[in-house]
Amino acid sequence: MKELDNIKESYISDMANVKIMDDLNNLRVNYLGKNGHLTTIMKLIKDLSVEEKKSFGVAVNDLKGEVTRGIEAKTEELKNAALLAELNSMPKVDLTVSSAEKKGSLHPVTIIQQRLINIFRGMGFAVEDGNEVETEYNNFEAVNIPKFHPARDMQDTFYLDNNQVLKTHTSASQNRIMKKYGAPLKVIFPGRCFRNEELDASHENTFFQMEGMMVDKNVSISNLIYFMKTMLSEVFGKEVDVRLRPGFFPFVEPGFELDCSCPYCGGKGCRVCKQGGWIELCPCGMIHPNVLEMGGINPDEYQGFAFGLGLSRLVMMTYGFTDIRNLNGKDLKVLEQTKIK
């Protein structure tokens with residue numbers, strides 16, 4: 001039909017003149033709108049024979065499809081052109097030129113944590129992330145601290161409306177990890193801990209720890225000493241001695257306080273070790289049979305050790321911080337310290 005051919009020629013000509021999105025919108029209305037050419041021409045169908053109606057309808061629908069596809073393609077073309085124009089209008093940046101702005105850096109806790117992770121990975125330990133919000137069971141009962149146990153008084157924490165708690169120590173992840181891996185296992189799990197503390201230079205309500213566990217057959221205190229000494233020698237970049245002092249922690253039996261010889265004075269006495277020659281570093285010990293059993297591990301077949309490193313304390317020792325509150329503060333001059341003064 002001649003009228004349909006005329007509409008097609010008109011469409012081709014109009015599309016060639018489209019330069020901006022407004023032109024394209026006008027074209028869409030002129031051809032596909034309520035009173036557009038392809039809508040209006042369908043009114044002629046009533047004057048056609050039955051055979052002509054069929055072929056005419058097919059031809060109109062084909063042209064509608066062609067117009068629709070053409071508009072979609074032109075829309076994408078105009079959008080790309082607009083984006084390219086915007087990019088070309090932006091000021092050029094030479095990425096090879098050094099920025100005058102001061103560069104950022106990793107937080108001291110992050111630096112120490114990554115260093116420890118690399119050391120323990122080198123000794124075959126897996127790395128896990130612990131939850132910051134924990135069940136009361138995992139935080140206390142699963143590490144052998146039942147309700148009304150006096151050790152809970154030392155770990156006054158923040159309770160949530162859903163009866164969960166902000167974890168008071170990384171030990172809260174022990175039960176989950178033992179159930180996940182079973183035995184044998186070698187894993188560390190750093191994390192942020194929370195306690196309701198009176199804030200001072202050595203106490204914060206938010207601090208960082210790293211827990212470690214090894215469970216296998218015939219594990220002994222000698223294994224604990226070996227891994228601790230190896231780790232500390234790597235951290236301080238020199239050979240250090242370690243010693244164990246008896247200490248009580250409900251989730252280990254026997255339990256110890258592990259000290260290392262002061263790497264800064266060689267044991268002679270300095271401000272870091274408070275003139276004692278030794279630095280109190282972390283609680284540790286052989287995992288209590290009750291803890292193993294609650295974690296799904298047979299204590300008659302497997303033994304293990306656990307230790308808890310105070311990352312915040314290690315950062316203070318390494319970088320010479322005198323106030324733990326600085327680690328959560330916003331004073332960049334303080335956080336930029338990189339060595340013992």
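Gly 191 stands opposite Gln 209 in S5. That pairing is a good place to enter this predicted model. Gly 191 falls within strand S4, which spans residues 185-194. S4 and S5 run antiparallel to each other, joined over ten bridges.

S5 covers residues 206-216. It has a second partner, strand S9, made of residues 303-310. This pairing is antiparallel too, over eight bridges. Here Glu 211 of S5 faces Gly 308 in S9. S5 thus pairs with S4 and also with S9.

How many of the eleven residues of S5 are buried? Ten are, so the strand is largely enclosed by the rest of the structure. In a regular strand, side chains alternate between the two faces of the sheet.

Now turn to a helix. H5 runs from residue 108 to residue 122. Val 109 lies in H5. Is Val 109 buried or exposed? It is buried, because its relative accessible area is 4%, under the 20% limit. Beyond its sequence neighbours within four places, Val 109 is in contact with Phe 208, Val 315 and Leu 327. Phe 208 belongs to the residue range of S5. Val 109 and Phe 208 are 99 residues apart along the chain. Their C-alpha atoms are separated by 7.7 Å. This contact links helix H5 to the residue range of S5.

Next comes strand S7, residues 252-261. Ser 261 is placed in it. The relative accessible area of Ser 261 is 14%, so this serine counts as buried. Which residues does Ser 261 touch, leaving out those up to four places away in sequence? They are Val 240, Asp 241, Gly 277 and Trp 278.

The cysteines close the tour. Cys 262 has 2% relative accessibility and therefore counts as buried. Cys 193 is buried as well, with a relative accessible area of 0%. Cys 193 falls within the residue range of S4, the strand that pairs with S5. How many disulfides does the model hold? The count is zero. For Cys 193, the nearest cysteine sulfur is that of Cys 282, 14 Å away. A disulfide needs the two sulfur atoms within 2.5 Å, so Cys 193 is in none.

Terms used. Residues numbered from 1 in each chain as written. Predicted model: local features only at pLDDT ≥ 70, side-chain atom pairs only at ≥ 80, totals over all residues. Heavy atoms only, no water. Helix = DSSP H or I, 4+ residues; strand = E, 2+ residues; numbered from the N terminus. Buried < 20%, exposed > 50% of the residue type's maximum accessible area, 1.4 Å probe, protein only. Contact = heavy atoms within 4.5 Å. Pairing = 2+ DSSP bridges.
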